[in-house]
Amino acid sequence: MTEVIDRRAGRVLLVDLAGRVLLLHGGDPARPGLHWWFTPGGGLDEGETTVDAACRELFEETGLRVAPARLGEPVRHEVTEFSYDGRQYRQEQDFFLLRVPDWQVDTAGMDEEERLTITEHRWWSAAEIEASHEEIYPADLAALLRHLTVDAVSEGS
């Protein structure tokens, strides 16, 4: 029986003024032909909360530094299971929403593993996500993005 590693993670839905979400494209070193799109974020370091990890990972992967208070409360919690680098994971993750007017991604803060596995980034609209045949996580990201942007418009009116 394969050992499953339990871990917690913090992820960021980074959304610009046009309602597009920033996604990173990467893969698994154990499966070189397999790639997917995903939100910035990752596992907790010792002593971190999910919001702390989300802030740290956002800075490492995009260059955007924010205080945990700016992310507020999670907008989503989920449990996902996946394999990475020959190991099985069960990951509880919180997603935080951060709206920005615009952001030019700076990957200078990526660690060695991130540099090897994250190959590109792109801003995606909900319609582009729905029309895509690529693997995008979370799987219902387009619906979540539409829900969050509709809520923002409703709150602003």
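Sorted by class, the residues lining the largest pocket come out as 11 nonpolar, 11 polar and 15 charged. The model here is a predicted one, and this pocket is a handy place to start looking around. About 980 Å³ of space lies inside the largest pocket. Its lining is made up of 37 residues, and those closest to the centre are Arg-7, Arg-11, Phe-82, Tyr-84 and Gln-91.

Quite a few elements chip in to build that lining. At least two residues each come from strands E1, E2 (21–28), E3 (31–38), E4 (41–43), E5 and E6, and also from helices H1 (50–62) and H3 (112–117). Strand E5 gives the most, with six residues.

Next comes the way some of these strands sit together. Strand E6 covers residues 87–99 and pairs with E1, which covers residues 4–15. The two run in the parallel sense, and 12 bridges link them. One of the residues to look for is Val-15, whose bridge partner in E6 is Arg-99.

E6 also pairs with E5 (residues 76–84), this time in the antiparallel sense and over nine bridges. Two pairs of partners help to trace this on the structure: His-77 is matched with Asp-94 in E6, while Ser-83 is matched with Gln-88 in E6. E5 and E6 form a hairpin with two residues between the strands. In that hairpin, Asp-85 takes a positive phi, near 55 degrees.

How values were computed:
Residues numbered from 1 in each chain as written. Predicted model: local features only at pLDDT ≥ 70, side-chain atom pairs only at ≥ 80, totals over all residues. Heavy atoms only, no water. Pairing = 2+ DSSP bridges. Helix = DSSP H or I, 4+ residues; strand = E, 2+ residues; numbered from the N terminus. 1 Å grid on protein atoms, 1.4 Å probe; cavity = no way out; pocket = protein on both sides within 12 Å on 5 of 7 lines; lining within 4 Å. Points joined across faces, edges and corners; volume = space filled by probe spheres on them. Nonpolar A, V, L, I, M, F, W, Y, C, P; charged D, E, K, R; others polar.
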